[in-house]
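This report covers the internal spaces of one protein and the packing of some of its helices.

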Amino acid sequence: MANFTKQAIKISFVKLLNEKPFNKISVRDIVEDCGINRNSFYYHFRDIPALVEEIIMEETNKIIEKYPTLDSLDRFVDEIYAACMENKKALLHIFRSVNRDIYEEHAMRLCGEVVKKYSDTALKNIELDENEKRICMEANKCMLFGFCIDWISNGLKEEYIEDLHTICGMFHNLFEQMKHK
């Protein structure tokens, strides 16, 4: 029953977040939407930011677990795009809230995991200087993160996805150059 209630709280919150800004949602709104009492909310979550963090962390972990290896960044980009569009308003409301840092922390972690998994796959069995590889991965992680933040800041416009595919091609070319170094 506790797991069901916790899921109901998350579903209600995301539903409300797709309807109105983060700062306009109260615990009362959430519990009324899912038909529970306030104590049940506080049994599962300290406050709304804790709820947001758990939702974002779960979604990030699902994506990371779904791709144990990554041989194509393009497929990954398309899937992330679809997921973002599914809850576009909710994502923008979190991004534009005072709790944006929660989103950014997990987005940076996701970008780091994506770049690491891709480089591990693309550079498999290639002997490279570990410091060069680390610097390359860090630079690519930061570039991917920065581009994603810019994409969200500009309202998740579809035309950014083409640019993101171009960046994926650049990553691929860079890793190919590293193989032949």
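What volume does the largest cavity have? In this predicted model, the largest cavity has a volume of about 50 Å³. The count of cavities of 30 Å³ or more comes to 1.

The lining of the largest cavity consists of Ile-63, Ile-64, Tyr-67, Leu-70, Phe-76, Leu-110, Glu-113, Val-114 and Lys-117. H4 and H7 each supply at least two of these residues, and H7 has the largest share, with 4 residues. By class, the lining of the largest cavity has 7 nonpolar and 2 charged residues, and no polar ones.

The largest pocket holds about 1,100 Å³ of space. Two or more residues of its lining come from each of helix H1 (2–17), helix H4 (48–66), helix H5 (73–86), helix H6 (88–95), helix H7 (100–122), helix H8 (130–153) and helix H9 (159–179). H5 gives the most to this lining, with 10 residues. In total, 43 residues line the largest pocket, and those that lie nearest its centre are Glu-59, Thr-60, Ile-63, Ala-83 and Cys-84. Ile-63 is also named in the lining of the largest cavity. The pocket lining divides into 32 nonpolar, 4 polar and 7 charged residues.

The linings divide by residue class as follows.

| Space | Nonpolar | Polar | Charged |
|---|---|---|---|
| Largest pocket | 32 residues | 4 residues | 7 residues |
| Largest cavity | 7 residues | no residues | 2 residues |

The next topic is helix packing. Two packed helices are described by the angle between their axes and the distance between the axes.

How do the axes of H6 and H8 cross, and within what distance do they come? They come within 10 Å and cross at roughly 105°. Because angles of 65 to 115 degrees count as roughly perpendicular, H6 is roughly perpendicular to H8. Leu-91, Leu-92 and Phe-95 of H6 make the contact with Ile-149, Ile-152 and Ser-153 of H8. The residues of this contact are 5 nonpolar and 1 polar, with no charged ones.

H6 also packs against H7, at an angle of about 110° and with the axes 7 Å apart. This angle makes H6 roughly perpendicular to H7. On the H6 side the contact involves Leu-91, Ile-94 and Phe-95, which meet Arg-100, Tyr-103 and Glu-104 in H7. By class, the contact of H6 with H7 has 4 nonpolar and 2 charged residues, and no polar ones. Leu-91 and Phe-95 of H6 thus appear in the contact with H8 and in the contact with H7.

Methods:
Residues numbered from 1 in each chain as written. Predicted model: local features only at pLDDT ≥ 70, side-chain atom pairs only at ≥ 80, totals over all residues. Heavy atoms only, no water. 1 Å grid on protein atoms, 1.4 Å probe; cavity = no way out; pocket = protein on both sides within 12 Å on 5 of 7 lines; lining within 4 Å. Points joined across faces, edges and corners; volume = space filled by probe spheres on them. Nonpolar A, V, L, I, M, F, W, Y, C, P; charged D, E, K, R; others polar. Axes fitted to C-alpha atoms, helices over the stretch in contact; angles between N-to-C directions. Parallel < 35°, antiparallel > 145°, perpendicular 65-115°, else oblique. Contact = heavy atoms within 4.5 Å.
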